[in-house]
Amino acid sequence: MKDLKYLSAYIVPLFCIVGITNGGLWLFLTPFVIFIIVPLIELWMPSLKSNLTEEEKQSKSINKFFDILLWLNVPIIFGILFYGLYSYSTQIYETYETIGLIFSLGIVAGSNGINVAHELGHRQETWERFLGKILLLPSLYMHFYIEHNYNHHLNAATPEDPASARYNENLYAFWLRSVTTQYTSSWKIQGQRNKEAGRSFLSLKNDMFWYTIIQISYLLLIGFILSWPTMFVAIGIAFVGFSLLEIINYLEHYGLRRAKKKSGRYEVVREIHSWNSNHAIGRIFLYELTRHSDHHFRANKKYQVLDYHTESPQLPYGYPTMMIIATIPPLWFSIVNKHVPKEMVALSKI
């Protein structure tokens, strides 16, 4: 029965449906719950640090229930997205309602879209990775698959990784650097892969080219079928979706650095190079993304069997709360900087 807790991740799209159906201020229900109610609840909920036994891990690793929970997000995401965009194109929305719609659908695109895409993007099955790429489409962030798998996991917690926030770097400077550099880095990685495989730019295996075509087609399809103003709402939804990802990126490696060896190579990624959070609601809503240290330590582990490591730096609050704090740089620095290991602060200054 404990495994049913992950059904709670569907609460986010459920709130979004309620908001779209009722309109008006109800359209702010999703952001209100996720960024006000959840952080308040997390302040008194316990931090769950226990790990599964080896037998439990083996059992849960092969249990398809956990996989199905991820797969179901594909019809859920696109069903809600169509419902919201169709509603906008056929009804009169006040400006504040449009803002509420964009934020609500953007949160769904980030939490049940990009977050699940991240998990599926590490799977061995090609069709599961395909589902992951499809879930990145509403946020117009399909290049994340290439950058994350071929650069971030290799260079996390080093200056070479766009998605690793530097010590004393505020969220807004990080957002601009990460968004732009991850995109250009994805093209460089793809170009190198094309060169090594002897592929042309128009090759069917030039993923970045086809991601661009698919994303442009997605927006044009919305414009032609629904309306051009609706297309701009879709762009706004994407902006919110990938911005939520970047805030989480900011949390996950802020100020942490791997030491460079005499050979010029960086030390191997360990549990100490990612921030961890054991706060219950964030863990459940984000499919254990908050146990990020173990994910980087063993990227092929499924979310339901990730471990807590005592040596990993621990965020003082859960992800939803820390995301709010990150938007206020002085508050973030005052809370988080004292938790950054001193040796890594020293490495950041080199």
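The following paragraphs describe a predicted model, moving from a pair of packed helices to the enclosed and open spaces and then to individual residues.

Two packed helices can be described by the angle between their axes together with the distance between those axes. For helix 1 (residues 11-22) and helix 2, the axes come within 8 Å and cross at roughly 145 degrees. On the side of helix 1, the contact is formed by Val12, Phe15, Cys16 and Val18, and on the side of helix 2 by Leu29, Thr30, Val33 and Ile34. Sorted by class, the residues of this contact comprise seven nonpolar and one polar, with no charged residues.

Helix 2 (29-42) appears again when the internal spaces are examined, for it is among the elements giving two or more residues to the lining of the largest cavity. Over the whole structure, a search finds five cavities of 30 Å³ or more. The largest cavity has a volume of about 290 Å³. Its lining consists of 22 residues, and those closest to its centre are Gly110, Ser111, Ile248, Leu286 and Met323. Besides helix 2, the elements that supply two or more residues to this lining are helix 6 (95-120), helix 8, helix 11 (228-253) and helix 14 (319-326). Helix 6 provides the largest share, six residues. The lining of the largest cavity is made up of 14 nonpolar, seven polar and one charged residue.

The second largest cavity holds about 80 Å³ of space. It is lined by 14 residues, of which His118, Glu119, Leu286, Tyr287 and Leu289 are the closest to its centre. Here two elements, helix 6 and helix 13 (292-297), each give two or more residues to the lining. Helix 6 again gives the most, in this case four residues. The lining of the second largest cavity divides into seven nonpolar, four polar and three charged residues. Leu286 is listed among the residues closest to the centre of the largest cavity, and Leu286 is also listed for the second largest cavity.

The open spaces can be treated in a similar way. The largest pocket has a volume of about 430 Å³. Twenty residues line this pocket, and Lys2, Lys5, Ser50, Leu52 and Arg283 are the closest to its centre. Helix 3 (54-61) and helix 12 (280-285) each contribute at least two residues to the lining, and the most comes from helix 12, with three residues. By class, the lining of the largest pocket contains nine nonpolar, three polar and eight charged residues.

Beyond helix 12, the chain enters the loop between helix 12 and helix 13, where tyrosine 287 is placed. Glutamate 288 is found in that loop as well. The backbone of this loop deserves attention. Most residues other than glycine have a negative phi. Tyrosine 287, however, has a positive phi near 50 degrees, and the phi of glutamate 288 is likewise positive, near 65 degrees. Are these two residues buried or exposed? Tyrosine 287 counts as buried because its relative accessibility is 3%, under the 20% limit for that class. Glutamate 288 is also buried, with a relative accessible area of 3%.

A further loop, between helix 6 and helix 7 (126-136), contains histidine 122. At 15% relative accessibility, histidine 122 is likewise counted as buried. Which side chains form polar contacts with that of histidine 122? One polar contact, of 3.4 Å, joins the side chain of histidine 122 to that of asparagine 149. Another, also of 3.4 Å, joins the side chain of histidine 122 to that of histidine 295. Apart from residues up to four places away in sequence, histidine 122 touches His148, Asn149, His153, His295 and Ala299.

The last residue to consider is asparagine 151, which is located in helix 8 (residues 144-155). Helix 8 is also one of the elements supplying two or more residues to the lining of the largest cavity. Asparagine 151 is classed as buried because its relative accessible area is 8%. Its side chain is joined to the side chain of asparagine 155 by a polar contact of 2.5 Å. When neighbours within four places in sequence are left aside, the contacts of asparagine 151 are with Ile146, Ala156, Glu160, Asp161, Pro162, Ser185 and Ile189.

Conventions:
Residues are numbered from 1 along each chain as its sequence is written. This is a predicted model: local features need pLDDT of at least 70, side-chain atom pairs count only at pLDDT 80 or more; totals for chains, interfaces and linings use all residues. Side-chain values use heavy atoms; hydrogens and water are left out. Buried means under 20% relative accessible area, exposed over 50%, partly exposed in between (1.4 Å probe, protein chains only). A polar contact is a pair of N or O atoms within 3.5 Å; within protein, one must be able to donate a hydrogen and the other to accept it, and residues adjacent in sequence count only if both atoms are side-chain atoms. Contact means heavy atoms within 4.5 Å. On a 1 Å grid over the protein atoms alone, a cavity is a set of points where a 1.4 Å probe fits but cannot get out, and a pocket is an open set with protein on both sides within 12 Å along at least five of seven lines; lining residues have an atom within 4 Å of a point. Grid points are joined across faces, edges and corners, and a volume is the space filled by probe spheres set on the points. Ala, Val, Leu, Ile, Met, Phe, Trp, Tyr, Cys and Pro count as nonpolar, Asp, Glu, Lys and Arg as charged, and the others, Gly among them, as polar. Axes are lines fitted to C-alpha atoms, for helices over the stretch in contact, and angles run from 0 to 180 degrees between N-to-C directions.
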